[in-house]
Amino acid sequence: MSTFKAPKGTYDLIPPQSAQYLAVREAIAAPLRNSGYGYIETPGFENVELFARGVGESTDIVTKEMYAFETKGGDRLALRPEGTASVLRAALEANLHKAGNLPVKLWYSGSYYRYERPQKGRYRHFSQVGAEAIGAEDPALDAELIILADQAYRSLGLRQFRILLNSLGDAECRPVYRAALQDFLRGLDLDEDTLRRAEINPLRVLDDKRESVQKQLTGAPLLRDYLCDACKAYHEEVRELITAAGVAFEDDPKLVRGLDYYTRTTFEFVHDGLGSQSAVGGGGRYDGLSEMIGGPALPSVGWALGVDRTVLALEAEGVELDLPSTTSVFAVPLGEEARRVLFAKVTELRKVGVAADFSYGGKGLKAAMKAANRSGARYALVLGERDLAEGQVQVKDMESGEQTAVGLNEVVAELESRL
Ligand code: HAM
């Protein structure tokens, strides 16, 4: 061990487990790529104001959890706590919305940073794969995203997840509800912090996990009963489209999200095997965000799925991903000349697309065969001095143990056809 450890709340992805993370990212991305979403990558940090305005000045993310800092040049930046504000900023900056093809559909994958209290499933550095559909107000788009997330989880073999769905209304109906909720909250026996929160961001109080608060919240007005006709119709259509697609969901009239930009459709994917950090993904519509960050009106919708928690969910369900071994051929040279010849063969194999590895460090036969075994390769190529003199190499089938001599000039083509 070195003097240093990974910082608190972080962990390293190392083989072989790291292969699971790659597979999860790939499984989430596949349905998106297949549905017209283009890949976007933005910087790991942004102007801090982008998140303050986008995610919301009063959210926990902005007030407590952001890694904000000033650079030597005096710029005020923050490590990105989420992806939506950055992706929208980048799309606006590149004028993607003016290219005349709305919605602009984008997907991304990367690291995000929140200064949270670490616990299982909650880290200070974590990984998301996300999707944003920018510039269209169409319930089918909301439905598409929910269906694609469902498809991603199912393709991984996950079953014990649930989809919670709600509508947060719009600029017309939410203020009316907000006032009604505030009136209700003012009449409760709440501590000072919570009362303050009720004044600034009353919807967040609904999300308070404490039993003493939850008990008092029975009978709280629900946004569902305050939705304007347009929001109601929109939400009904989203529900119908998801239902028609055979995707099961639960209406959760108390679902609020930790970011302020949401309007209308909001949803969360929760997994029942994860304990308190049960949200494996979440998202919704954010029709006002573009204007909040200085852009034109661009109604949009998106989600982000947490890769770390999805891996934990797989573990909780006991799902083993079927990850084929990455190495197909492992080459074992015995002697100096054999090393040169076989190294060239490995390079040739790789050029024709056969995954090959090599026994480095001048190991003896026994140690080298152990390494071949560990690599998971289907075939070992063993080249000794006698084989070399006869212009052949031993091809050992690692499953059956069967060994055959193949001409050195033929071995690449032979392995290509066998694999
Ligand atoms: P979020 O709900 O804050 O939404 O995060 C999405 C997912 O990221 C969570 O469900 C969780 O799986 C994972 N996640 C968040 N924080 C942590 C953490 N500290 N440790 C481990 N995993 C974590 C967003 O970020 C929105 N940008 C989603 C969105 C996209 N809405 C519209 N478009």
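In this predicted model, a polar side-chain atom of Gln128 is placed 3.1 Å from an oxygen atom of the ligand, and the backbone takes part in polar contacts as well: a backbone N or O atom of Gly281 lies 3.1 Å from an oxygen atom of the ligand, while for Gly302 a backbone N or O atom lies 3.4 Å from a nitrogen atom of the ligand. Taken alone, the ligand would expose 660 Å², of which the protein buries 96%.

The surroundings of the ligand can be described next by residue and by element. The ligand is surrounded by 27 residues, the closest being Glu82, Glu116, Tyr123, Glu132 and Tyr262; sorted by class, this shell holds 11 nonpolar, nine polar and seven charged residues. At least two residues of the shell come from each of strand S6 (125-134), strand S10 (279-285) and strand S11 (300-306), and it is S10 that gives the largest share, with six residues.

Helix H1 offers another route into the structure. The 16 residues of helix H1 (residues 18-33) should span 22 Å, because a helix is expected to extend 1.5 Å a residue, and the end C-alpha atoms of H1 are indeed 22 Å apart, in agreement with that expectation. Within H1 the buried residues are Ser18, Tyr21, Ala23, Val24, Ala27, Ile28, Ala29, Pro31 and Leu32, and these buried residues pack against strand S5 (104-113), S6, helix H5 (139-155), S11 and helix H12 (307-317). Two of these packing partners, S6 and S11, each also supply at least two residues of the shell around the ligand.

Notes: Residues are numbered from 1 along each chain as its sequence is written. This is a predicted model: local features need pLDDT of at least 70, side-chain atom pairs count only at pLDDT 80 or more; totals for chains, interfaces and linings use all residues. Side-chain values use heavy atoms; hydrogens and water are left out. A residue is near a molecule or strand if one of its heavy atoms lies within 4 Å of it. A polar contact is a pair of N or O atoms within 3.5 Å; within protein, one must be able to donate a hydrogen and the other to accept it, and residues adjacent in sequence count only if both atoms are side-chain atoms. Accessible areas come from the Shrake-Rupley method with a 1.4 Å probe; for residues, only the protein chains shown count as cover. Helices (H or I, at least four residues) and strands (E, at least two) are DSSP runs, numbered from the N terminus. Ala, Val, Leu, Ile, Met, Phe, Trp, Tyr, Cys and Pro count as nonpolar, Asp, Glu, Lys and Arg as charged, and the others, Gly among them, as polar. The expected span of a helix is 1.5 Å times one less than its number of residues. Buried means under 20% relative accessible area, exposed over 50%, partly exposed in between (1.4 Å probe, protein chains only). Contact means heavy atoms within 4.5 Å.
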